[in-house]
Amino acid sequence: MRRLATVLVVFLCFLLMEGVALVRASSVNELLQVLQEKGVLTEDEARAIAKESSQEAKTLKALKGLKIGTLTYLDYSIGRSNGKPGSKFSVTRSYFDVKKAITPWFAFRFTPDVTRKSDGDISLRVKYVYAQFKIPSAGFLTNMKAEVGQGHFPWLDFQEHINPYRCQGTMPRERAGTFNSADMGIGVMGYFGGKLPKYYVRELSTHYPVFSHYTGLYGSWHLGVYNGGGYHADEANNNKALEGRITIRPLGAMDSYLRGLQLSYFF
């Protein structure tokens, strides 16, 4: 036990000095060789530790690029409904977001969505499930990517991120049944002229709290072909919907009173 504690302390010191969470296999082997030469470890113990370290390194490598998060809307309401007093707690929406970068140019996303139905029952559906491919820049068109599967709808996600006010429930267009924020199909999107400088985005964020997305220097765009029914409705016909959004930021990163001005057209 004492020898094991010594080995653990040495390993911890080594990790702190290196300043990394993952030690390269060659560095581990060198350290084990030194410990074996000093008689701290036997050959069998060094071999066992090297094997375990290799397995942990593979596990950490598999987890690299993995992002897991959640967004939940909790609600307590009190008042009158249909002329009758009442109160209730509820979970109106809840997402469990899983993103994984496979390669520098390929990633995927899977986002289940928990919602409460009109009869009070909680149901689970999938909002996002798509493969994402990075596309090389082409002159003025930069930061391009493609989503294949059930991905972002061109307009509503954009509106949600630039609008400083979020309704308690869904956005008006979704409540009206026109469209929602995700649909099945293929979408391609990107920026005009690269990204805004980070300092400029931070300044915008001071005035517009959720202004962290769609920060193209001169705007952004999104084109796609979709079923048209959205992520919680079935395809009702054989037609496919060509959807698009073009957003122009005419002043770029100029220091102006109209900083953040964007002009958008959706079709």
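Biologist: Is Asp113 buried or exposed, and what is its relative accessible area?

Modeller: This is a predicted model, in which local features need pLDDT of at least 70, side-chain atom pairs count only at pLDDT 80 or more, and totals for chains, interfaces and linings use all residues. Residues are numbered from 1 along each chain as its sequence is written, and side-chain values use heavy atoms, without hydrogens and water. Buried means under 20% relative accessible area, exposed over 50% and partly exposed in between (1.4 Å probe, protein chains only). Asp113 is buried, with a relative accessible area of 0%.

Biologist: Which residue meets Asp113 in a salt bridge?

Modeller: A salt bridge places a side-chain nitrogen of Lys or Arg within 4 Å of a carboxyl oxygen of Asp or Glu. For Asp113 the N to O distance is 3.1 Å, and the partner is Arg125. The pair links strand S3, which holds Asp113, to strand S4 (residues 122–135; strands are DSSP E runs of at least two residues, numbered from the N terminus). At 24% relative accessible area the partner is partly exposed; the residue is Arg125.

Biologist: Which residues do shared salt-bridge partners join into one network?

Modeller: Lys99 pairs with Asp97, the closest N and O atoms being 4.0 Å apart. Asp97 also meets Arg109, at 2.9 Å from N to O. Shared partners thus give one network of Asp97, Lys99 and Arg109.

Biologist: What is the relative accessibility of Arg109?

Modeller: Lys99 is partly exposed at 35%, whereas Asp97 is buried at 15%. Arg109 also counts as buried, its relative accessibility being 12%.

How values were computed:
Helix = DSSP H or I, 4+ residues; strand = E, 2+ residues; numbered from the N terminus.
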